[in-house]
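Visitor: Hello! I am new here, so could you walk me through this one?
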Amino acid sequence: MSVRSGPAQVKLAVEREGQLPLLTTFDQSRPLDEIIREICSNWSIPIPEQYAFQYSDYNYYITEENRSGIKNGAVLKLTLSPAKRAQDVVERLDSTNPEERRNALATLSSISEDPTFASEYIKRNGLVLLLSMVEGKPESNESLANCLTSFQELMDHGEVSWDFLTHGFIKNLTVFVNKKNPPVDSTVLKRCLSILEAVCTNSPTFYPLVEKEVVFEHLILHLKNANQDIQLNAIALLNSLFMRTSNKRQFVDTLSKKGVRTYIMNDIIRGSPTMRSEMEHQLYVYQSLIFRALLVDMSLIKGNAQNQSLFESLNTLRQVVFESDIVAASSGRPLSQAGELSKDFKRLGFMDIDTPANDFSEAPPGLLPLHIMVYFARKHEEQYVKVILENHARGDDYECPFARTSIALTKMLCDVLEINAEPPSDSGKEYYPIFFTMDFAFEEFFCICIQLLNKTWKEMKATSGDFNRVMQVVKDQICRGLKEKHLSMELFRDPFGENEGKVDYASIKYRLDAIKSRLDEKKVLGHELDDSSSEEEEKQTREENAAEIDDWEAFLYDDD
């Protein structure tokens, strides 16, 4: 039984075609069917059981469950009941008269969103009629558009399993998606893409058929369509296929070969003056799936000293800097000497210099940091060598340990960008255009961030005891940079380069203010502590809080 709230008496108007509007007081304590009988009697309408109320400005039925939403001044209309209208539509759809079917589809598409009507229509096997129509291809684009619109809206009520579809129905939808000439009606194409995406998402039975029948090259062309609804539904279908494929790495390779990220960057991100929230979500999903397919597996593999590939990667890091032509040219000889591998790994900033594979024993981030460290060393050799040698020249007290900071940075970036084994969030919208600008975008992003970290370490005159503090400042810098939604890696990197040699006081102050705010919220600055705390504990807490703030303020205000 529904719980009614709001005024017991509502003043409103009731309309009906061919009748003068009736001003009345709607008594919320009376049953709806009793009020309908009274209105029908007033207008001399027989069989009141075949009538119901809808809002006058949209086709939404008033029921006992939702009647509490009626407000003073509302305008209702007396119309055929959901059961009567559903029966009427089914009968006209089954007619041999094309005009009758066309009008019935128009009526159906205007009311199929209403859950009360949908339930009545579905009970009368009306969905089967729509399936048959699509398989037989309706007489006009308008009828097909209304048929597909009605079908999707009826299915969205969740009363019927998507597994009840037929092969013929799905194949006909894919024909329109794959068709290039003549152009397909925009409403028809939009609905075909959306229904196929729903099939991929909700039907294990028919997903393989969609995967087989949709031609990838034709699907991605719809990303260039000027119609934003078609773009949205195309990327949603692409994401759904991506999410359910058994070979995600192969899918990523196909995306790369077909230039999909270029379409997305040029025709959606750069091509849209305003970004709809639904599209933001789909871009977030695409970004998440790419990260997951390329990076997550590596992040879950722990370092193993017996792993030959890992050993070769470690050796690459060592050789690029300590046995490189760059270093030999400037010093007259390589820095590395025979039998000094442990010293090399110490210079590279590893914790376990005898067995550096052990530095990657935590998963995540697993071997992902090693992968991007090697990428940095190979693709940006000069910058990599500069980072290592600059740190080496500072001495032990002020050295920024490359390996340790790379592992911590990778873990932090995975946290910020939500790179993990979890499926994309249903509500996520955080996408970043820089990751659609190039292949190996995450690796390039790391290369910028590790240089920023090294620069920040130097400017803050940090020591090993300041490790966490530097990481916090760098995280703040990266997060603020990402919020700018830069359209290229260069634009993301430039602000950091402009401040070369200058301490980022804004980031340090931002972190200091955040700490003070957090401590204020916890009320542990000596004003209010747990009743169970002893005086000694209170004193210790105050001292620790004050020390933490003093440490940060030393960075902020010390000019030495």
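Visitor: At roughly what angle do the axes of helix 18 and helix 20 cross?

Guide: Welcome! This is a predicted model, where local features need pLDDT of at least 70 and side-chain atom pairs count only at pLDDT 80 or more, while totals for chains, interfaces and linings use all residues. Residues are numbered from 1 along each chain as its sequence is written, and side-chain values use heavy atoms, leaving out hydrogens and water. Helices (H or I, at least four residues) and strands (E, at least two) are DSSP runs, numbered from the N terminus. Helix 18 covers residues 368-379 and helix 20 residues 402-416; their axes (lines fitted to C-alpha atoms over the stretch in contact, with angles from 0 to 180 degrees between N-to-C directions) come within 9 Å and cross at roughly 115°.

Visitor: How is helix 18 oriented relative to helix 20?

Guide: Angles of 65 to 115 degrees count as roughly perpendicular, under 35 as roughly parallel, over 145 as roughly antiparallel and the rest as oblique. The crossing angle here is roughly 115°, so helix 18 is, relative to helix 20, roughly perpendicular.

Visitor: Which residues of helix 20 does helix 18 meet?

Guide: Contact means heavy atoms within 4.5 Å. From helix 18 come Leu 368, Pro 369, Ile 372, Met 373 and Phe 376. Their partners in helix 20 are Phe 402, Ala 403, Ser 406, Ile 407, Thr 410 and Cys 414.

Visitor: Which residue in strand 2 stands opposite Leu 12?

Guide: Strand 1 (residues 9-15) and strand 2 (residues 22-27) run antiparallel, joined by six bridges; strands pair if DSSP finds at least two bridges between them. The two form a hairpin with six residues between them. Opposite Leu 12 stands Thr 24.
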